[in-house]
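This report looks at a few local features of one protein structure, beginning with its cysteines and then turning to strand pairing. Please keep the sequence and the structure in view while reading.

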Amino acid sequence: MKNVKSLFTGITLMAVMIGCKDTYKNSEPTQTKVVATKTASIEKPVVSILTAEEQAGMSPDEIVGRLKKGNENFMNNNLTRRDHSEQRRKAMIGQFPKAIVLSCVDSRVPVEDVFDLGIGDIFVARVAGNIENEDIVGSMEFATAVAGSKVVIVMGHTECGAVKSTIDNVDARALNMNSLANLIDEIRPAVTETKTDGEVSSKNTVFTNAVITNNAIRTVKNIREASPTMAEMEDKGEIKIVSAVYDMESGKVSFNHD
């Protein structure tokens with residue numbers, strides 16, 4: 001009787017082991033398939049850069065549209081994967097950016113990422129308060145009249161420290177920062193031209209945001225006046241000069257109708 005029980009137990013264990021082995025075999029292709037599907041779904045990184053033909057083939061309005069779409073990608077955390085090493089090597093041949101963006105120096109405004117762009121896509125100029133000066137305008141003339149860019153964007157941003165300091169009448173000269181004081185003087189007209197029924201203070205968010213918008217619009221007007229070449233190109237429809245504001249909380253870039 002004891003031998004019969006042992007034989008029965010052995011047969012049972014063998015059946016269980018065979019069943020487990022069959023289950024493992026049946027499940028293995030499924031697991032492999034899932035892994036393969038995940039791998040296939042990963043988008044290959046972009047290795048190309050903008051060419052002269054692509055730059056020439058786009059209109060200013062089309063470029064603005066593409067920048068808006070890139071900004072949507074940024075807001076949705078869906079940035080394009082890029083092979084920067086390969087793009088860097090290809091960019092050695094030449095550059096054909098589609099736009100130049102004048103932004104504030106604020107470290108929280110990553111211009112290329114904001115528009116989902118990579119190496120060779122745009123020129124970027126930076127100065128606190130995104131104001132124009134002779135060197136900035138000269139850089140824009142190079143970008144458009146020489147290098148073929150078709151859009152000039154002056155992009156302000158919410159929570160701009162330079163604008164806030166101007167609104168609050170920070171006395172930079174008393175702090176022995178004369179150059180900063182001169183920069184603040186460039187922003188001041190945007191403050192005086194912005195109307196409000198509330199407090200003239202950076203604590204007044206509505207007023208501050210209105211000044212930020214008006215400062216960018218005013219800079220666009222100053223660029224047109226400072227560069228007859230770019231003004232003429234814009235009149236001919238060859239380029240577009242626009243202002244915009246980047247909302248640091250939402251990540252959205254809102255283009256203004258200047």
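## Cysteines

In this predicted model, the cysteine sulfur closest to that of Cys 160 belongs to Cys 104, at 4.2 Å, which is too far for a bond. Seen from the other side, the sulfur of Cys 104 has that of Cys 160 as its closest cysteine sulfur, again at 4.2 Å and too far for a bond. Because a disulfide requires the two sulfur atoms to lie within 2.5 Å, this pair does not qualify, and the count for the model comes to 0 disulfides.

Are these two cysteines buried or exposed? Cys 160 counts as buried, with a relative accessibility of 1%, and Cys 104 is likewise buried, its relative accessible area being 4%.

## Strand β4 and its partners

Strand β4 spans residues 240–246, and 6 of its 7 residues are buried, so the strand is largely enclosed by the rest of the structure. With strand β3, which covers residues 151–157, β4 pairs in the parallel sense over 7 bridges; within this pairing, Met 155 stands opposite Ala 244 of β4.

β4 also pairs with strand β5, residues 253–255, here in the antiparallel sense and over 3 bridges. Ala 244 appears in this pairing too, standing opposite Phe 255 in β5.

## The β4–β5 hairpin

The strands β4 and β5 form a hairpin in which 6 residues lie between them. In the turn of this hairpin, Gly 251 has a positive phi of about 85 degrees.

Conventions
Residues are numbered from 1 along each chain as its sequence is written. This is a predicted model: local features need pLDDT of at least 70, side-chain atom pairs count only at pLDDT 80 or more; totals for chains, interfaces and linings use all residues. Side-chain values use heavy atoms; hydrogens and water are left out. Buried means under 20% relative accessible area, exposed over 50%, partly exposed in between (1.4 Å probe, protein chains only). Helices (H or I, at least four residues) and strands (E, at least two) are DSSP runs, numbered from the N terminus. Two strands pair if DSSP finds at least two bridges between them.
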